[in-house]
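Hi,

Here is the structure I said I'd pass on. Have a look at it first, and then read on for what turned up.

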Amino acid sequence: MNRLGPVPPVIPYAGQHDGPRRVLSLRLRRGLIATASASVNIDGAVYPQQWGESAFEIPANRPVAIAVYQHGRSGQVGLATAVLGPDHTPTLEYRGPAHLAMAGELGAPGTVRQRGVVVQSGLCGCLIVLLLLLLGFIVFVFTSLVTR
């Protein structure tokens, strides 16, 4: 059992490989705005996954290409890629972006950050300013009509 709950079952490697294997532990963390799920691509094989911990069997004696992305209305969003070499620790973390037009980040646990926070904050700030201006206009019009 890990800090988030039970250890997930190991998903077998889908490619051709007769050599030694190891287990990749991947933590999928959603961003501020996230889709329902993410997909993990390991050496061309795609695995739809829920947010949280996942474990994948990967080759131990050669580099492995890993990509993680979310499914948006316009296709893949929040794409992040990495190549995990045989000498790298097989533990990664994916952090989805705060704004879906931004890329996600894939790296060692605790080192990934959420991209797009400034963009999302700016958009929310603009929306709040527009709503306050609209409210001020409505109050102005209403008080003008009442005082006549």
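Let's start with a loop: leaving aside neighbours within four places in sequence, which residues is alanine 60 in contact with? They are His17, Pro20, Arg21, Arg22 and Pro86. Alanine 60 itself sits in the loop between strand 5 and strand 6. With histidine 17 there are 43 residues of sequence in the separation, yet the two C-alpha atoms are 9.8 Å apart in space. Is alanine 60 buried or partly exposed? It counts as partly exposed, because its relative accessibility is 22% and the buried class stops under 20%.

Before going further, bear in mind that this is a predicted model.

Now the overall picture. The protein chain has 1 helix and 9 strands, and going from the N terminus the order is β-β-β-β-β-β-β-β-β-α, with the helix after the strands. The radius of gyration is 22 Å, whereas a compact globule of 148 residues would come out near 15 Å. The box filled by the C-alpha atoms, along the principal axes, is roughly 85 × 30 × 25 Å. Of the 148 residues, 34% count as buried. As for contacts between residues at least 6 apart in sequence, 54% of them join residues at least 24 apart.

For the surface and charges: the accessible surface is about 9000 Å², and carbon and sulfur atoms account for 64% of that. I get 12 positive and 7 negative side chains, with 15 Å between the centres of the two sets.

On to the core. Nonpolar side chains tend to be buried together in soluble globular proteins. Here the largest nonpolar core has 21 residues, and the members that touch the most others are Ile42 and Leu106. Several strands give two or more residues to this core, among them strand 2 (21–29), strand 5 (52–59), strand 6 (64–72) and strand 7 (75–84). What does leucine 106 contact beyond its neighbours within four places in sequence? The list includes Leu26, Ile66, Val68, Ala80, Ala82, Leu92 and Val112, and Glu93 is also one of its contacts.

Leucine 79 is in strand 7 too. Why does leucine 79 count as partly exposed? Because its relative accessible area is 40%, which falls between the 20% and 50% cut-offs. With neighbours up to four places away set aside, leucine 79 is in contact with Ala67, Val68, Tyr69, Ala103 and Gly104. Glutamine 16 is 63 residues from leucine 79 in sequence and 25 Å from it in space, C-alpha to C-alpha.

Two more loop residues to look at:

- Glycine 85 belongs to the loop between strand 7 and strand 8. It is buried, because its relative accessible area is 6%. Outside the four places either way in sequence, glycine 85 touches Arg22 and Pro63. Its C-alpha is 6.3 Å from that of arginine 62, which is 23 residues away in sequence.
- Aspartate 43 is in the loop between strand 3 and strand 4. Its phi is near 50°, a positive value in a residue other than glycine. Most residues other than glycine have a negative phi. Aspartate 43 is partly exposed, because its relative accessibility is 32%.

One link back to the start: Arg22 appears among the contacts of alanine 60 and is touched by glycine 85.

Cheers

Note on methods: Residues are numbered from 1 along each chain as its sequence is written. This is a predicted model: local features need pLDDT of at least 70, side-chain atom pairs count only at pLDDT 80 or more; totals for chains, interfaces and linings use all residues. Side-chain values use heavy atoms; hydrogens and water are left out. A nonpolar core is a set of buried Ala, Val, Leu, Ile, Met, Phe, Trp, Tyr and Cys residues joined through side-chain atoms within 4.5 Å. Buried means under 20% relative accessible area, exposed over 50%, partly exposed in between (1.4 Å probe, protein chains only). Helices (H or I, at least four residues) and strands (E, at least two) are DSSP runs, numbered from the N terminus. Contact means heavy atoms within 4.5 Å. The radius of gyration is taken over C-alpha atoms; the globule rule is 2.2 Å times the number of residues to the power 0.38. Accessible areas come from the Shrake-Rupley method with a 1.4 Å probe; for residues, only the protein chains shown count as cover. Lys and Arg count as positive and Asp and Glu as negative; His and the chain ends are not counted. The place of a charge is taken as NZ of Lys, CZ of Arg, CG of Asp or CD of Glu.
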